[in-house]
Amino acid sequence: MSEHQRETTKHQSLFQTNTELAFPSESATSWLQEIDLSIHDLPYVDHVIQEAFLQWRTEGQALTLSGQALWAVTDYEGRWIEGDEALLAEPFCGLTGEIGRCLESGEQVWGHPDDPADRGSSWVTTVIPVFTRRDHALVCLLVCGIPAGLLDEGTRDTVAAMALHYRSCLYKSFKFALVSDILKVQESTEREANRRSILFQIMQRMHDQIDVETVLTEVLDSLEVLYPTVRARLLMSQDHQSRNPRVEPLVFHPWGEDICVRSFMDGRLMMQDGSGEGMEGQTEIAIPLGGKQGVYGVLHLVMSRELREDLDLQLIGMVVDTAGNAFENAKLYEQSNLLIHELRLINELTQRLNQSLKLGDIYKFASEEMLDIFQADYCCFLQYNEERNVLEVMASNVSGLAPSFDAEYGFGGLVFHKKEPVILSDYSLNGKVPSKLMEITHSQSLIASPLTVNGKVMGAILLTHRSPHYFSYDNYRLLQTLSSHIGLSVSNALLHAELRRMANRDMLTDMYARHYLDKMIQQYQVSDFCGSLIVVDIDEFKQVNDTYGHQKGDDILRQVSDIVKSSIREEDVPARWGGEELAVYMPQLGVHQAVKVAEVIRSRVARETSPSVTISSGIAEWCWTDPQVSVDSLFYRADMALYRAKNSGRNQIQMENMNDM
């Protein structure tokens with residue numbers, strides 16, 4: 001049994017033995033008069049015997065016998081407790097036998113003087129038993145060595161009186177120990193009651209809160225009230241940021257073993273003496289702040305080593321556990337509200353995105369919404385251009401950003417190729433991925449998500465902020481959810497654009513349809529001052545079909561269409577007019593310039609088609625000074641010019657005749 005366990009058991013025994021006497025109904029103090037030792041107390045009263053002996057020696061210093069005799073005390077089994085060490089020396093070798101006889105007989109035993117010729121002096125020893133008052137149980141033995149020259153009847157009476165005096169001191173010491181134990185129990189009970197009261201008040205205040213910030217502030221304020229001289233701070237994991245200056249992020253350093261990091265990882269209280277500058281004589285304590293679902297942070301306490309002894313770690317642990325549960329509840333409430341908010345955002349965003357089927361409008365609106373939802377500084381939408389193998393900037397609030405980037409460059413390229421979202425807390429610590437977006441905007445935080453259309457990644461969304469550690473995991477997760485809805489809207493816009501393109505295109509030649517050409521000419525005639533129309537017809541096309549078949553005829557038609565499209569400007573409008581006839585409208589181009597283009601087309605068709613065919617062309621122009629400007633008039637004049645080219649031998653170009661007007 002350890003010393004601490006012996007002391008604890010002793011206190012319990014002393015208290016339990018005298019419980020019935022401690023609080024009698026007739027008097028509040030009479031129990032002290034009747035208190036007595038019992039055989040159950042004997043194994044635990046060594047310290048009482050020792051303290052009584054020291055007090056007895058102090059009080060009896062004025063007596064002559066006290067100064068000249070040797071004294072000692074043993075326990076009820078004869079084991080040495082306290083006294084003059086000389087009694088253990090050779091002149092008193094017979095003392096052991098005398099102690100044994102005293103234990104056996106229960107009476108005072110006197111020894112005989114030793115041989116003065118051998119030891120130069122003569123001593124007489126006596127062993128006096130000390131009993132309890134009520135049960136006459138042996139408590140201890142009082143041992144005395146007296147010079148033989150002093151031994152007489154008066155000395156014997158003095159020894160007996162001093163033994164009685166020691167017994168009085170023993171009971172006095174016993175009563176003091178008992179009362180001290182009772183007071184300690186009372187003090188412990190009061191402290192426990194006070195602790196429970198404080199803990200109840202703190203728990204009540206914490207659980208009354210459903211705000212994360214308030215809970216964290218409450219735990220720090222409570223500790224400040226309990227221990228004003230203790231420096232306390234909360235180190236929270238990366239997914240929580242606070243406006244309270246005493247709440248800091250928990251940084252996992254790659255070097256050393258920080259006590260807070262170890263406490264967070266192990267989930268248990270840790271204590272160590274402070275080291276480093278300004279920490280001499282200080283003690284650090286780290287207590288994990290957690291709930292049922294995990295550990296969220298660490299409470300870090302710094303105090304003097306003297307104060308550590310008075311620190312109620314159990315109470316602090318209860319406060320932190322309460323704070324952890326309250327924090328978790330508040331966090332869950334916050335997350336439930338966040339989920340509701342996210343659902344509303346998704347619903348509103350989807351409705352507003354679906355209000356337009358124009359790709360540019362969707363990107364512009366989505367960029368504005370992303371900046372507002374995440375309170376980001378900058379936003380950039382990238383879309384992959386398969387023909388150029390680049391990521392094009394479709395929408396951005398960053399001035400000076402290039403219109404496109406290589407498909408593998410920067411975070412956009414990383415997200416596009418990895419097909420996974422990215423979160424970056426501090427760009428200054430990043431040494432692997434270069435980024436013009438981060439450098440131009442001086443941003444430190446970034447979240448990015450792939451833009452997926454029909455299961456295929458076709459771009460990326462990038463959001464940045466100048467402050468490090470700005471975006472949380474909730475932002476990171478929300479962006480992934482919103483990007484899928486934005487991708488769906490982009491997909492709808494692309495499909496709508498493709499449908500419009502297909503509706504305005506000829507399926508065989510991939511040139512515009514006749515109705516689209518009519519509409520475009522009509523628009524140009526409203527805004528421009530002139531324009532020309534070239535109508536192209538493949539000569540003897542029926543003979544080609546009859547000779548080579550209709551499949552080859554379609555191939556010839558595609559060959560001629562490709563030559564026409566590659567021979568004109570980007571702003572010109574090529575179309576299939578009908579059958580084997582093609583048309584090209586050339587805005588703001590006069591008839592003579594159109595003739596040169598038509599000649600290029602004619603000569604290329606004759607050289608490049610297989611089997612070789614020729615074409616005939618008719619050209620007409622309009623001008624804002626004409627008395628009548630219309631699409632029908634322009635087509636009529638160009639058709640008449642084509643008719644003349646056909647009748648004049650084919651494989652030639654004819655301009656409109658003024659008589660056709």
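The exercises below, each with a worked solution, look at a helix packing, two single residues and several enclosed or open spaces in a predicted model.

**Exercise 1. Describe how helix 17 packs against helix 21, and name the residues that meet.**

Two packed helices are described by the angle between their axes and by the distance between those axes. Begin by finding the two elements along the chain, where helix 17 covers residues 514-527 and helix 21 covers residues 631-647. Their axes are 9 Å apart, and the helices pack at an angle of about 115 degrees. Since angles of 65 to 115 degrees count as roughly perpendicular, helix 17 is roughly perpendicular to helix 21. Next, look at the residues in contact: helix 17 brings R514, L517, D518, I521, Q522 and Q525, which meet V631, L634 and F635 of helix 21. Sorted by class, this contact has five nonpolar, two polar and two charged residues.

**Exercise 2. Decide whether Q525 is buried or exposed, and list what it touches beyond its sequence neighbours.**

First place the residue, which is found in helix 17. Its relative accessible area is 13%, and because a residue under 20% counts as buried, Q525 is buried. Then leave out residues up to four places away in sequence, and the residues that Q525 touches are W622, V629, S630, V631 and L634. Two of these names, V631 and L634, have already appeared in helix 21 at the contact with helix 17.

**Exercise 3. Work out the accessibility class of K565, and find which residues it contacts.**

K565 has its place in helix 19, which runs over residues 550-567. With a relative accessibility of 28%, K565 is partly exposed, because that class lies between the limits of 20% and 50%. Once neighbours within four places in sequence are set aside, K565 is in contact with T509, D510, M511 and P574. For T509 the separation can be given in two ways: K565 and T509 are 56 residues apart in sequence, and their C-alpha atoms are 10.0 Å apart in space.

**Exercise 4. Characterise the second largest pocket by its volume, its lining and the elements that supply that lining.**

The volume of this pocket is about 260 Å³. Its lining is made by Q383, Y384, N385, E386, E392, V453, K456, V457, M458 and L494. Strand 11 (378-385) and strand 16 (456-465) are the elements that give two or more residues to this lining. When the lining residues are divided by class, five are nonpolar, two polar and three charged.

**Exercise 5. State how many cavities of 30 Å³ or more the structure holds, and describe the largest and the second largest.**

The structure holds three cavities of 30 Å³ or more. The largest cavity encloses about 100 Å³ of space and is lined by 13 residues, with L382, F405, G412, L437 and L462 lying nearest its centre. At least two lining residues come from each of strand 11, helix 14 (410-418) and helix 15 (436-441), and helix 14 gives the largest share, namely three residues. By class, the lining of the largest cavity divides into nine nonpolar, three polar and one charged.

Turning to the second largest cavity, its volume is about 40 Å³. The residues that line this cavity are L223, E224, Y227, V230, A232, L301, L311 and I316, and by class they comprise seven nonpolar, no polar and one charged.

Notes:
Residues are numbered from 1 along each chain as its sequence is written. This is a predicted model: local features need pLDDT of at least 70, side-chain atom pairs count only at pLDDT 80 or more; totals for chains, interfaces and linings use all residues. Side-chain values use heavy atoms; hydrogens and water are left out. Axes are lines fitted to C-alpha atoms, for helices over the stretch in contact, and angles run from 0 to 180 degrees between N-to-C directions. Helices (H or I, at least four residues) and strands (E, at least two) are DSSP runs, numbered from the N terminus. Angles under 35 degrees count as roughly parallel, over 145 as roughly antiparallel, 65 to 115 as roughly perpendicular and the rest as oblique. Contact means heavy atoms within 4.5 Å. Ala, Val, Leu, Ile, Met, Phe, Trp, Tyr, Cys and Pro count as nonpolar, Asp, Glu, Lys and Arg as charged, and the others, Gly among them, as polar. On a 1 Å grid over the protein atoms alone, a cavity is a set of points where a 1.4 Å probe fits but cannot get out, and a pocket is an open set with protein on both sides within 12 Å along at least five of seven lines; lining residues have an atom within 4 Å of a point. Grid points are joined across faces, edges and corners, and a volume is the space filled by probe spheres set on the points. Buried means under 20% relative accessible area, exposed over 50%, partly exposed in between (1.4 Å probe, protein chains only).
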